[in-house]
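Reader: I should be grateful for a close look at a single part of this model. Please take one strand pairing as the starting point and describe its surroundings, with every criterion stated.

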Amino acid sequence: MPLPVVTLDGPVGSGKTTVSRILARELGLVLVDTGLFYRSVAWVMDRQGLDADDEQLAAGVAADLAIQVHPDPSRASGQRVIVNTHDVRDDLYSPEVEGIVSDVARHPEVRRVLLPKQRETLRVGGVVVAGRDAGTVVWPQAEVKVYLDASPEVRARRKHREQEAAEGESDYEQILSLMQNRDRIDTGRKTAPLRVPEGALVIDTDALDAEAVAAQIITAYRQLPNPDGAP
Ligand code: C5P
C-alpha cells in the first residue's frame, strides 16, 4: 500500500514551510513544496526578460522546466534546487520573483502543465506537500488535509522578522501590501484558487507557534488506520 500523503495549504506566511519541515522530520516524510514550481517559472521568465502576463510564453517555460530538489543539510533551507541546470534556491525568493510569481501562477495553462510534474512526485506517498491547491486539486485523495490560516498582520510580522534576521533590514508596510496583493490574486483567480479543501483540518495559527501547529497534525496523522503503509 502506498504511504500516506499530507497536504498543507494556506496563504503567504501562514507557516506552511516551517510546519512542513517539522512534519517531514518527525514523520519521516519527503517534503514537496509546490510553490517552487511556480517560483521556478517566474525566475526563468524574469531572467529571460519575458512578460509574466503572457500565458503562452509562461506555459512554454513551464513545459520546458526541469526541476530537481535535493536535501542539503548545509543550507538554511535544507534543500538545493536545480532549475534547468542552475542552482537557484535563494534566487527563487528574490523581490523580482516575489513580484511576478502570482501573476505566473494565475495562468490556467501554466497550472495544467505543472500539475502532472507535481503529481509525479506524490505517487509513492510518504510525502508532505505544501501549496495553495495541494488538497483541492493536486492530491484531494490525501489521507490528511490541512489548511493553515492567520491574520494578514500576524503573517506580515512573521515575514518581517524573518527578513530582518536574514538581511538586517525589512519594511513591514511593504511586506503587508505585497502579501495582500498576492492573497488577492491567489484567492481570486479562476483556476485552482486558494480554498479550504473539503474535509481539511483548519488551524488558525495566530496564537500558535510552528511546533504546536505541527503537533496537531502529527496527532491526526498517527490516528490514521495505516500510517506506515503496511499491507
Ligand atoms: O508557497 P509560496 O509562497 O512559495 O508560493 C509562491 C506563489 O506560487 C504563491 O503566492 C502562489 O501564487 C503560487 N502557488 C500556487 N499554487 C501552489 C503553490 C504556489 O498558485 N500550489
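Author: Strand β1 (residues 5-9) runs parallel to strand β6 (residues 127-131), and the two are joined over five bridges. Two strands count as paired if DSSP finds at least two bridges between them; strands (E, at least two residues) and helices (H or I, at least four) are DSSP runs, numbered from the N terminus. The model is a predicted one, in which local features need pLDDT of at least 70 and side-chain atom pairs count only at pLDDT 80 or more, while totals for chains, interfaces and linings use all residues. Residues are numbered from 1 along each chain as its sequence is written, and side-chain values use heavy atoms, with hydrogens and water left out.

Within the pairing of β1 and β6, Thr7 has Val129 of β6 as its bridge partner. Val129 also stands opposite Val32, and β2 pairs with β6 in the parallel sense over four bridges.

Five of the five residues of β6 are buried, so this strand is largely enclosed by the rest of the structure. Here buried means under 20% relative accessible area, exposed over 50% and partly exposed in between, with a 1.4 Å probe and protein chains only. Val127, Val129 and Gly131 point one way from β6, whereas Val128 and Ala130 point the other way.

These pairings belong to an open sheet of five strands in the order β2-β6-β1-β7-β8, with parallel pairing. Its edge strands, β2 (30-33) and β8 (201-204), each pair on one side only. Neighbouring strands of the sheet are turned by 20° against each other on average, direction ignored.

A helix pair may be added to this picture. The axes of α1 (residues 16-27) and α9 (residues 210-222) come within 9 Å and cross at roughly 45°. That angle makes α1 oblique to α9, because angles under 35 degrees count as roughly parallel, over 145 as roughly antiparallel, 65 to 115 as roughly perpendicular and the rest as oblique. Axes are lines fitted to C-alpha atoms, for helices over the stretch in contact, and angles run from 0 to 180 degrees between N-to-C directions. Contact means heavy atoms within 4.5 Å; among the residues that meet are Ile22 and Leu23 in α1 and Ile217 and Tyr221 in α9.
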